[in-house]
Amino acid sequence: MAKKVHIILQGKGGVGKSFIAIMLAMYYQHNGIAYHGFDTDPVNSTFAGFKGLDVEYFNVSNTNNEIEPALFDGLFEKVIENCQDKDAIIDVGSNGFMNLCSYLIATDLFTILTEAGFEVYVHSSIVGGQNLLDTLNGFDSICTSFPKDVEFVVWQNPFWGPVEVDGRKLDDFKSYKRHQNRVAAMIEIPVFGSSLNTKDLTDMLTSRLTFTEIQTGQYPQFKIFALQRLKNVQKTFFEKIDASQLINNSNATAE
């Protein structure tokens, strides 16, 4: 079965790109599925900060701290060489968005990865609130720029509010509709009913801890009720990823 390369891309900063990468990696870890994460963000390498996940910081900046497109060669060479028996998750910072997009197109990277035996998915976060249109336009831009056979995974992120405007939901917008046939999966990030659930999840992520680490009981700041709430949060979130049928876990050994 072809291995998967997940590339998390969105031009807008602070819309949950690293959160998506972290949750995907936690899902892989929980289900015992082999993966390798790459964090390319030179400013906020949040993904690589999770020591309990298999994440490597890969520098794509030159000595002047500017994104250097040629350095992406080394990143994707490493993916092809080292991920033949595992999936790859690549978190791209918003500062590297334009350079990577240009690189992907100029290098015909999607064809190279496909011919190397990988399935490629571009993940894009669309958030609610005042940044909805910005993130929707970002999704529209990469869909328009990338080859027609590239598949996308859309994450609806309601952290800043419902993903809708005046009652119009995502699939009511023309900029989404024209690319809808290229959306391999839609994952709605859950809205957790209790503010305590959100606080516990925020505390866990701020501490750079995973669901797996928390449930060992080795972290006294997370007591019995917080542990149970986090277990419920994990179950709810992972059920959303299960429903997307994006990741084949039929042969996985859940932890």
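Modeller: Let's begin with burial: a residue is buried under 20% relative accessible area, exposed over 50%, and partly exposed in between (1.4 Å probe, protein chains only). The model is a predicted one, so local features need pLDDT of at least 70 and side-chain atom pairs pLDDT 80 or more, while totals for chains, interfaces and linings use all residues. Residues are numbered from 1 along each chain as its sequence is written, and side-chain values use heavy atoms, leaving out hydrogens and water.

Biologist: Let me try that out. Is D166 buried or exposed?

Modeller: D166 counts as exposed, with 80% relative accessibility. Look for D166 in the loop between β7 (164-165) and β8 (168-169). Those labels come from DSSP runs, numbered from the N terminus: helices are H or I with at least four residues, strands are E with at least two.

Biologist: What is the phi of D166?

Modeller: Phi of D166 is near 50°, a positive value in a residue other than glycine. R208, not a glycine either, also has a positive phi, of about 60°. R208 belongs to the loop between α7 and α8 (211-214), and at 34% relative accessibility R208 is partly exposed.

Biologist: On to salt bridges. How many are there?

Modeller: The rule asks for a side-chain nitrogen of Lys or Arg within 4 Å of a carboxyl oxygen of Asp or Glu. The count here comes to eight salt bridges. One of them joins E164 and K169, whose closest N and O atoms are 2.8 Å apart. E164 is partly exposed at 31% relative accessibility, and K169 is partly exposed too, at 45%.

Biologist: Which residue forms a salt bridge with D87?

Modeller: K3 does, and the closest N and O atoms of that pair are 3.7 Å apart. This bridge links distant parts of the chain: D87 sits in strand β4 (residues 87-91) and K3 in strand β1 (residues 3-8), 84 residues apart. D87 is buried, at 5% relative accessible area, whereas K3 counts as partly exposed at 21%.

Biologist: And what does E56 pair with in a salt bridge?

Modeller: With K78, where the closest N and O atoms are 2.6 Å apart. Again distant parts of the chain are linked, as E56 is in strand β3 (residues 55-57) and K78 in helix α2 (residues 72-82), 22 residues apart. K78 is partly exposed, with a relative accessible area of 26%.

Biologist: Now the strands. Why is strand β2 largely enclosed by the rest of the structure?

Modeller: Count its buried residues: strand β2 (residues 35-39) has five of five buried, so the rest of the structure largely encloses it. Both faces of β2 are covered, with Y35, G37 and D39 buried on one side and H36 and F38 buried on the other.

Biologist: Which strand do five bridges join to β2?

Modeller: Strands pair if DSSP finds at least two bridges between them. Five bridges join β2 to β4, and these two run parallel. H36 of β2 has A88 as its bridge partner in β4. β2 also pairs with β3 in the parallel sense, over three bridges, where the partner of D39 is Y57.

Biologist: Last topic, pockets. How much space lies in the largest pocket?

Modeller: Rolling a probe the size of a water molecule over the atoms shows where empty space is left. On a 1 Å grid over the protein atoms alone, a pocket is an open set of points where a 1.4 Å probe fits, with protein on both sides within 12 Å along at least five of seven lines; lining residues have an atom within 4 Å of a point. The largest pocket holds about 900 Å³ of space.

Biologist: Which residues lie nearest the centre of the largest pocket?

Modeller: G16, F19, N157, F159 and L205, out of 32 that line the largest pocket. Helices α1 (17-30) and α7 (195-206) each supply at least two lining residues, and α7 gives the most, with five.

Biologist: What about the second largest pocket, which residues are closest to its centre?

Modeller: The second largest pocket has about 250 Å³ of space. Of the 16 residues that line the second largest pocket, Q156, V163, K169, L170 and E188 are the closest to its centre. You met K169 earlier, in the salt bridge with E164.

Note on methods: Points joined across faces, edges and corners; volume = space filled by probe spheres on them.
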